[in-house]
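Colleague: Could you take me through one part of this protein in detail, the place where its domains meet? I'd be glad of a few words on the ligand and the backbone afterwards.

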Amino acid sequence: MPSPYIIAGFGYYVPERVVTNAEMETLVETSDEWITTRTGIKERRFAAPGQATSDLALEAAKAALADAGINAGELTHIVLATLTPDCYCPNAAVIVSEKLGVSEKVCLDVNAACSGFLYALEVTRGLLALHPDAVVLTVAVEVLTSRTNFDDRTTCVLFGDGAGAVVMRNQKNIAAKASIRDIALSSNGALWNLLTVKGGGSAFPLRRGEQAGDEFFIQMAGREVYKHAVRYMETICRDLLAKNNLTPDDINLFIPHQANLRIIEGLGKRLEISMDKVFVNVQKYGNTSAASIPIALTEAYQSGAIRPGHRVLLTSFGGGFTWGAVLLEF
Ligand SMILES: CC(C)(COP(=O)(O)OP(=O)(O)OC[C@H]1O[C@@H](n2cnc3c(N)ncnc32)[C@H](O)[C@@H]1OP(=O)(O)O)[C@@H](O)C(=O)NCCC(=O)NCCS
């Protein structure tokens, strides 16, 4: 029986400003050679001054709505994944609803760091199960540059800004572009301290008149993160495939979180999925955290790398740690 949870439209948006490794060399002591060999990243996008998370989300949302052939007015819910919302209150989803001109929707944010989109898909499935007529905009977006320490060469070369979105609904009398066959999520709170943006939270408050310190920005134990990322993503992909009586050979396209080419290649090797079946765009955008998977998914869909009949496996890993895998059928 086909899954009732369908994707009706895809969209993404990246800011115009391209920042090459050569430009990063002017900001910190680094080199194109170091960044390329360690990460595969050649360039990333930076949001313009004044361009907020909701602005990027809005553009991705409009693209996904157009692809689905529906008006924003038909939406019932907006689920937005981010770790860099416009502000603490209100959530970013309500600001997107206002910018879309449809301010009376049910709007919520999800924070699962780089796994945010996969967590948001699971939340969306829950909403669709509870509300059969729901039409949900599920958007994942980051302006990571708002929390990047440009004096820290070990992190600042890795990240970029962007947004990706899908429109989801239950299977009705409409053409499904894809359906969600299954989702697996996991987390390990014992390791939360390895990848953080602490500053400004209640445990690490920024007091009136105080200057932001290093902990206001992304802090990461890169080597530790690397090790756990590969292991956890491999395990959850294997478990999800086995649960669905599939093997890696049954996957037409594998879309892992675009954090680092070495992690992507290592994961492909462990899962025995050849690189010609692995979608990679990390060279263009760097790590856009929650936005990474929906940007890659939309690019793969628009470029023809995904065709009708394809089985696509998504996987992601991020701060928390949180991680997950999603099986899509086109
Ligand atoms: C961040 C990462 C690329 C660093 O690579 P690494 O091989 O572990 O490098 P190290 O941190 O051990 O640093 C090696 C050397 O490079 C230096 N270095 C770090 N960043 C540098 C940069 N941007 N340019 C030049 N040199 C740099 C370090 O100072 C260190 O020098 P030293 O040996 O003289 O002390 C790697 O750990 C990684 O990919 N981690 C996962 C990060 C990630 O994807 N996180 C997001 C997951 S959601």
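Modeller: Happy to; here is a walk from the domain contact to the ligand, and then to some details of the chain.

A word on the ground rules: this is a predicted model, in which local features need pLDDT of at least 70, side-chain atom pairs count only at pLDDT 80 or more, and totals for chains, interfaces and linings use all residues. Residues are numbered from 1 along each chain as its sequence is written, and side-chain values use heavy atoms, with hydrogens and water left out.

The protein falls into domain 1 (5–176) and domain 2 (179–329), with bounds that come from an automatic or database domain assignment. Taken over C-alpha atoms, their centres are 14 Å apart. The contact (heavy atoms within 4.5 Å) draws 49 residues from domain 1 and 52 residues from domain 2. Together the two domains bury about 4100 Å², and 65% of that lies on carbon and sulfur atoms; buried area here is the accessible area (1.4 Å probe) that two parts lose on being put together, summed over both. On the domain 1 side, C114, L118 and R147 supply 19% of the area buried against domain 2, more than any other three residues.

What kind of polar links cross this contact? There are 21 residue pairs in polar contact between the domains, both residues at pLDDT 80 or more. A polar contact is a pair of N or O atoms within 3.5 Å; within protein, one must be able to donate a hydrogen and the other to accept it, and residues adjacent in sequence count only if both atoms are side-chain atoms. The count of salt bridges between domain 1 and domain 2, by contrast, is zero; that term asks for a side-chain nitrogen of Lys or Arg within 4 Å of a carboxyl oxygen of Asp or Glu.

Several elements give two or more residues to the domain 1 side, among them strand 1 (5–13), helix 2 (32–39) and helix 5 (116–130). Helices (H or I, at least four residues) and strands (E, at least two) are DSSP runs, numbered from the N terminus. Helix 5 gives the most to this side, with seven residues.

Turning to the ligand, 22 residues surround it, and the closest are T30, R38, R153, G222 and N260; a residue counts if one of its heavy atoms lies within 4 Å. An oxygen atom of the ligand is 2.5 Å from an N or O atom in the side chain of R38, and an oxygen atom of the ligand is 3.2 Å from such an atom in the side chain of W34. A polar backbone atom of R153 is 2.9 Å from a nitrogen atom of the ligand.

Over the whole structure, the search finds 13 salt bridges. One of them joins the side chains of D55 and K99 at 2.7 Å, N to O. D55 sits in helix 3 (residues 53–68) and K99 in helix 4 (residues 92–99), 44 residues apart.

Finally, the backbone. Most residues other than glycine have a negative phi, and most peptide bonds are trans. A113, in the loop between strand 5 (106–110) and helix 5, has a positive phi of about 50°. C89 and P90 are joined by a cis peptide bond with omega about 5°, and a cis bond with omega about -15° joins G320 and F321.
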